[in-house]
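Trainee: Could we go through this structure together? I would like to begin with the core and then move on to other topics.

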Amino acid sequence: MSGLIGDLLEGIATFVTDVWVLRRQRAARNREENGWGRVAADVAVFDAWVIGLSVLTLTAAAIMFFGLKLPLWISLAPAAAGVVYVGYRWMTLARA
C-alpha cells in the first residue's frame with residue numbers, strides 16, 4: 001500500500017512542480033500572468049498528450065521490432081519522433 005500512496009504523492013508533487021515551472025517560465029518571458037487553474041489545465045492537457053503519445057510510440061516500436069523483425073535502431077524511430085514532438089509542444093506551451 002505504501003508504494004501506491006508514494007506514487008500518488010509523487011504524481012501530485014510532479015504536477016504541482018510542472019505548473020510552478022510553467023508559470024515561472026511565462027513570467028520570465030514577460031507574458032501575462034495566467035491563474036493557477038488555467039495553467040493547471042494546460043499542464044493536464046500536455047500530460048495527457050505525453051501519456052497517449054508514449055503509449056502509441058511504444059506500441060509502434062514493439063510491432064516494428066517484434067512483429068516485423070526490423071532492427072532496433074529503425075524500431076526506435078517512432079520514439080525519437082515522439083520526443084521531438086513533445087519537446088515542441090512544451091516549447092509552445094511555455095511561449096503561450
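**Core, helices and cavity**

Mentor: The largest nonpolar core consists of seven residues: Val19, Leu22, Val39, Val43, Phe46, Leu93 and Ala94. Please keep in mind that this is a predicted model.

Trainee: Which elements give two or more residues to this core?

Mentor: They are helix H1 (2–28), helix H2 (36–67) and helix H4 (77–95). H2 gives the most, with three residues.

Trainee: Is there a general background to such a grouping? Why would nonpolar side chains be found together?

Mentor: In soluble globular proteins, nonpolar side chains tend to be buried together.

Trainee: Back to the core residues. What is Ala94 in contact with, leaving aside its neighbours within four places in sequence?

Mentor: With that exclusion, Ala94 contacts Leu22, Gln25, Arg26 and Arg29. Of these, Leu22 is itself listed in the core.

Trainee: On to H1, then. How far apart are its end C-alpha atoms?

Mentor: They are 38 Å apart. The 27 residues of H1 should span 39 Å at 1.5 Å a residue, so the two values agree.

Trainee: Which residues of H1 are buried?

Mentor: Val19, Leu22, Arg23 and Arg26 are the buried residues of H1. What covers them includes H2 and H4.

Trainee: And Trp20 in H1: how does it count by accessibility?

Mentor: Trp20 counts as partly exposed because its relative accessibility is 46%, which falls between the 20% and 50% cut-offs. Its C-alpha atom is separated by 8.6 Å from that of Trp36, with the two residues 16 apart along the chain.

Trainee: What follows H1?

Mentor: Asn30 follows H1, and its phi is positive, near 60 degrees.

Trainee: Changing topic: how many cavities of 30 Å³ or more are there?

Mentor: The count comes to one cavity. The largest cavity has a volume of about 40 Å³.

Trainee: Which residues line the largest cavity?

Mentor: The lining is made of Arg23, Arg26, Ala27, Glu32, Glu33, Asn34 and Val39. H1 provides the largest share of that lining, three residues. Arg23 and Arg26 from this list are also among the buried residues of H1, while Val39 belongs to the largest nonpolar core.

Trainee: How does the lining of the largest cavity divide by class?

Mentor: It has four charged residues, two nonpolar and one polar.

Trainee: Now H2, please. How does its reach compare with the expected value?

Mentor: H2 has 32 residues and reaches 45 Å from its first C-alpha to its last, which is close to the 46 Å expected at 1.5 Å a residue.

Trainee: Which residues are buried in H2?

Mentor: They are Val39, Val43, Phe46, Leu53, Thr57, Ala61 and Met64. These buried residues pack against H1, H3 and H4.

Trainee: Thr57 caught my eye there. Why is it classed as buried?

Mentor: Thr57 is buried because its relative accessible area is 16%, and buried means under 20%. Not counting residues up to four places away in sequence, Thr57 touches Pro78, Ala79 and Gly82.

Trainee: What about Ala61, also in H2? Which residues is it in contact with, leaving aside neighbours within four places in sequence?

Mentor: Ala61 is in contact with Ser75 and Pro78 on that basis. It is buried, with a relative accessible area of 13%. Ala61 and Ala79 are 18 residues apart in sequence, and their C-alpha atoms are 7.3 Å apart in space.

Trainee: One further residue of H2: is Phe66 buried or exposed?

Mentor: Phe66, which lies in helix H2, is exposed, with a relative accessible area of 58%. The C-alpha atoms of Phe66 and Ala40 are separated by 38 Å, and these residues are 26 apart along the chain.

Trainee: Which residue follows H2?

Mentor: Lys69 follows H2. Its phi is positive, about 60 degrees, although Lys69 is not a glycine.

Trainee: Where is Lys69 found, and is it buried or exposed?

Mentor: Lys69 is found in the loop between H2 and helix H3 (72–75). It is exposed, with a relative accessible area of 67%.

Notes. Residues numbered from 1 in each chain as written. Predicted model: local features only at pLDDT ≥ 70, side-chain atom pairs only at ≥ 80, totals over all residues. Heavy atoms only, no water. Core = buried A, V, L, I, M, F, W, Y, C linked by side-chain atoms within 4.5 Å. Buried < 20%, exposed > 50% of the residue type's maximum accessible area, 1.4 Å probe, protein only. Helix = DSSP H or I, 4+ residues; strand = E, 2+ residues; numbered from the N terminus. Contact = heavy atoms within 4.5 Å. Expected span 1.5 Å × (residues − 1). 1 Å grid on protein atoms, 1.4 Å probe; cavity = no way out; pocket = protein on both sides within 12 Å on 5 of 7 lines; lining within 4 Å. Points joined across faces, edges and corners; volume = space filled by probe spheres on them. Nonpolar A, V, L, I, M, F, W, Y, C, P; charged D, E, K, R; others polar.
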